[in-house]
Amino acid sequence: MKRALLLVLAALAAGCASELDALSPAGPAARRLADLGWPVLVFFIVTSAVMWAILIWAALRTTGTLAEHDAPDAGGGKKWVAYGGFVVPGAAFGAVFLATLRTMNAFPVDHHAHGAPEIRVVGHQWWWEVHYLSKDLNEVFVTANEIHVPAGRPVDVELRSFDVIHSLWAPRLHGKVDLIPGMQNFIRLQADQPGRYPGACAEFCGLQHAHMKFAVVADAPDEYARWLARQRKPAPEPDSEETRRGRQSFLGGPCVLCHTVRGTDARGTVGPDLTHLASRATIGAWLPRDLANLHAWVVNAPSLKPGAQMPPLNQFSGQELHDLVAYLQTLK
């Protein structure tokens, strides 16, 4: 019996596990929120249990017959209403409110007190543009849908949007912070250990809101430095006849109107920068970057992500499409 109970509890715990579990913090900001969230969760569970017990007791208790009831204008019971309806809930919710304010006060809201941000994230419908900033313009570069940070230290991130309100949320690292058109907002990300921490938009932003995902990738400091150095380089040269034909199809087609590939004549800014596309785990902010998805995305992106601004590109022949995808796979 004991063993069966343990198995049931383990199954329930596994069912509740999630990569977006805000109560399993992996950084100091998320830990502060979890330290607030756990007591509040327990408090509301206990409160709900007590209220249900009172309701059940009131529904089941014997109160006599209708003939024995007091008149409708009989007095009494006001103290129960005052204490149970106002004093106790007011004290409880007041304590939660003050604890929440204290937790919120721990988060910086103005980057001027902590120096210039290292990263700028711009929310689009429906993907994330990530700028790595530097005083040296030669070191500035842009990527998409993955926010790389060094593990073990805080990184200040500026948040912007140029279309609608979005909300950046990496539950295991921080709470939700909004990206509001015409305004700057800021978030401080820090991961205790290297790893991949999924996130998502937490503010409904349109048709593909559910697929507006991202990942914070925390690298060991030395690996982060190597990653920065690789990302600052232009796209590698094609190393085969197939990929050279693919680059020609890319540069000679409509792709250059929307995308940038540094080191080539492609300078579009409508869609994500593709200079190091093959170093990222996903395309379209949520699809695994594999051969099948790349082929399908190039041919008809709206069929995979309805509402995507990228139009169907059915002008490529089978061989041209194969060569183009082979070229995209070399952009590491």
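## Reading strands, helices and one histidine

Q: Let's start with a single strand position. Which residue in β10 does I147 stand opposite?

A: I147 stands opposite V216 of β10. Do keep in mind as we go that this is a predicted model.

Q: What holds two such strands together, as a general idea?

A: Strands of a sheet pair through backbone hydrogen bonds, and the pairing can be either parallel or antiparallel. Here, strand β4 (residues 146-150) runs parallel to β10, and five bridges join them.

Q: Which residue of β9 stands opposite V216?

A: That is Y197. Strand β9 (residues 195-201) runs antiparallel to β10, with six bridges between them. So V216 of β10 has I147 opposite and also Y197 opposite.

Q: Is β10 mostly covered or mostly uncovered?

A: Mostly covered. Look at residues 213-219: six of the seven residues of β10 are buried. For burial, the cut-off to remember is under 20% relative accessible area.

Q: Now the open sheet. What is the order of its strands?

A: Read across the sheet, the five strands come as β3-β2-β1-β5-β8, and the pairing is mixed. Strands β3 (141-144) and β8 (185-189) are at the edges; each has a single partner strand, so one side of each has no neighbour in the sheet. From one strand to the next, the twist averages 25°.

Q: Which helix packs on this sheet?

A: Helix α4 (residues 221-231) does, and it touches β2 and β3. The direction of α4 makes about 105° with that of β3.

Q: How do I read "mixed pairing" strand by strand?

A: Take each pair in turn. β1 pairs with strand β2 (residues 127-132) in the antiparallel sense, over six bridges. β1 and β5 run parallel, joined by five bridges. β5 and β8 pair in the antiparallel sense, also over five bridges. A handy residue to click on is V121: its bridge partner in β2 is V130, and its bridge partner in β5 is L159. Further across, D156 has R188 in β8 as its bridge partner.

Q: How many residues of β5 are buried?

A: Six of its seven, so to speak a mostly covered strand, spanning residues 155-161.

Q: What can I learn from one residue, say H124?

A: Begin with its place: H124 lies in strand β1 (residues 119-124). Its relative accessible area is 17%, so H124 is buried. Next, list its contacts: leaving out residues up to four places away in sequence, H124 touches E129, D163, H166 and M212. The side chains of H124 and E129 make a polar contact at 2.8 Å. H124 and M212 are 88 residues apart in sequence, yet 9.0 Å apart in space, C-alpha to C-alpha.

Q: And how do I read a helix? Which residues of α5 are buried?

A: Check its span, then its faces. Helix α5 (residues 241-252) has twelve residues and reaches 16 Å from first C-alpha to last, close to the 16 Å expected at 1.5 Å a residue. Its buried residues are T243, G246, S249 and F250. Viewed down the axis of α5, the buried residues fall within an arc of 110°, so they line one face of the helix. These buried residues pack against α7 (318-328), whereas Q248 and G252, on the other side of α5, are exposed.

Terms used: Residues are numbered from 1 along each chain as its sequence is written. This is a predicted model: local features need pLDDT of at least 70, side-chain atom pairs count only at pLDDT 80 or more; totals for chains, interfaces and linings use all residues. Side-chain values use heavy atoms; hydrogens and water are left out. Helices (H or I, at least four residues) and strands (E, at least two) are DSSP runs, numbered from the N terminus. Buried means under 20% relative accessible area, exposed over 50%, partly exposed in between (1.4 Å probe, protein chains only). Contact means heavy atoms within 4.5 Å. A polar contact is a pair of N or O atoms within 3.5 Å; within protein, one must be able to donate a hydrogen and the other to accept it, and residues adjacent in sequence count only if both atoms are side-chain atoms. Two strands pair if DSSP finds at least two bridges between them. Axes are lines fitted to C-alpha atoms, for helices over the stretch in contact, and angles run from 0 to 180 degrees between N-to-C directions. The expected span of a helix is 1.5 Å times one less than its number of residues. The arc is that of the directions from the helix axis to the C-beta atoms.
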